[in-house]
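Good morning, and thank you for coming. I would like to take you through one protein, starting with its overall dimensions and ending with a single helix.

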Amino acid sequence: MAIHPTAIVDPKARIADDVEIGAYSIIGPNVSIGAGSWVGPHVVIEGHTSIGKNNRIFQFCSLGAIPQDLKYAGEPTRLEIGDNNTIREFCTFNTGTVQDGGVTRIGSDNWIMAYVHIAHDCQVGNHIILANNATLAGHVRLGDWVFLGGFTSVHQFVIVGEHAMTAFASAVAQDIPAYVTAHGNRAVPSGINAEGMKRRGFTSEQIRRVRNAYKTLYRQGLSYDEAKAAILAEAGEGHAELEPFVRFFDQSARGIIR
């Protein structure tokens with residue numbers, strides 16, 4: 001291990017042999033860090049925190065601190081981070097609470113920019129981009145391939161579906177369905193993330209079906225239940241690109257942005 005002599009690493013921490021830890025960083029006793037990871041200077045990793053392989057954690061991050069929740073009473077809740085994540089400067093990720101599953105979870109292959117806050121019990125998927133100063137309140141769920149623009153704020157318990165996207169400084173108070181783009185305070189829908197779909201290899205026909213689903217949800221004057229039933233029926237015909245809508249509908253409970 002390439003550990004700077006000024007770093008403080010608890011001997012009980014489980015650190016892979018090739019992990020690099022920068023100057024003045026502090027690693028607690030209940031932390032594990034996987035192979036190929038790099039921890040910059042002035043990073044604090046504490047609590048029951050597990051970090052996978054090939055992560056890059058930049059200076060002044062705080063990972064695994066106790067939740068900002070008045071109900072927290074010292075329970076051994078956790079923070080779990082997957083593989084191949086880039087976590088830029090001044091990010092703060094908290095552990096979970098026993099009022100939820102007891103774990104805050106960040107998946108793999110995510111690009112997380114400076115000053116991002118991920119609160120207790122959030123469930124963050126894979127291939128996600130969180131731009132500078134994006135803020136997730138407690139219990140938020142982000143599906144795979146979500147993009148949150150800079151200074152986006154997400155209310156507690158909100159679900160953002162797969163491939164969804166927000167514009168700069170969006171304030172998200174209700175769930176955002178899969179593929180939907182949103183903007184404003186309070187955030188409102190503004191179409192689908194067609195450009196992101198193209199970059200990920202979706203065909204023009206798949207994009208057309210997703211756009212039709214968006215129109216069913218927002219443009220045809222249907223109730224939410226009627227629109228949901230129509231999209232589920234279309235998904236049931238074997239169109240894989242509509243499966244993210246199915247997964248979103250299974251989870252959503254707060255109501256969707258309108």
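Let us begin with the overall size. The protein has 258 residues, and a compact globule with that number would have a radius of gyration near 18 Å; the value here is 19 Å, which agrees. Please keep in mind throughout that this is a predicted model. Taken along the principal axes, the C-alpha atoms fill a box of roughly 65 × 40 × 30 Å.

What share of the residues counts as buried? The figure is 51% of the 258 residues. As for the outside, the protein exposes about 11,500 Å², and 52% of that area is supplied by carbon and sulfur atoms. Turning to contacts, consider those between residues at least 6 apart in sequence: 32% of them join residues at least 24 apart.

Next, the secondary structure. The protein contains four helices and 28 strands. A general remark may help here: strands of a sheet pair through backbone hydrogen bonds, either parallel or antiparallel.

I shall describe two sheets. One is an open sheet of 11 strands, in the order β1-β4-β7-β10-β13-β16-β19-β22-β25-β27-β28, and its pairing is mixed. At its edges are β1 (2-3) and β28 (188-192), each of which pairs on one side only. Within this order, β16 (residues 111-112) and β19 (residues 129-130) run parallel and are joined by two bridges. In one of these, Ile-112 has Leu-130 of β19 as its bridge partner.

The other is an open sheet of nine strands with parallel pairing. Its order is β2-β5-β8-β11-β14-β17-β20-β23-β26. The edge strands here are β2 (8-9) and β26 (171-172), and again each pairs on one side only.

Let us look at β11 in this second sheet, together with its two partners. With β8 (residues 44-45), β11 pairs in the parallel sense over two bridges. Here Ile-45 stands opposite Leu-63 of β11. With β14 (residues 92-94), β11 (residues 62-65) also runs parallel, and three bridges join the two strands. Ser-62 stands opposite Thr-92 in β14, while Ala-65 has Asn-94 of β14 as its bridge partner.

Now to a single residue, Thr-49, which lies in strand β9 (residues 48-51). Is Thr-49 buried or exposed? Its relative accessible area is 1%, and a residue is called buried when this value is under 20%. Thr-49 is therefore buried. Which residues does Thr-49 contact, leaving aside its neighbours within four places in sequence? They are Asn-30, Val-31, Ser-32, Leu-63, Gly-64 and Leu-79. Leu-63 has already appeared in this talk, as the residue of β11 opposite Ile-45.

Finally, I turn to helix α3, which comprises residues 224-235. This helix has 12 residues and reaches 16 Å from its first C-alpha to its last, close to the 16 Å expected at 1.5 Å a residue. Three of its residues, Ala-227, Ile-231 and Ala-235, are buried. Why do they lie on the same side of α3? They cover an arc of only 75° around the axis, and so they share one side of the helix. What do the buried residues of α3 pack against? Their partners are α2 (204-218) and α4 (243-251).

That concludes my presentation, and I thank you for your attention.

How values were computed: Residues numbered from 1 in each chain as written. Predicted model: local features only at pLDDT ≥ 70, side-chain atom pairs only at ≥ 80, totals over all residues. Heavy atoms only, no water. Expected span 1.5 Å × (residues − 1). Buried < 20%, exposed > 50% of the residue type's maximum accessible area, 1.4 Å probe, protein only. Arc of directions from axis to C-beta. Contact = heavy atoms within 4.5 Å. Pairing = 2+ DSSP bridges. Rg over C-alpha atoms; globule rule 2.2 N^0.38 Å. Areas by Shrake-Rupley, 256 points an atom, 1.4 Å probe, with all protein chains shown as cover.
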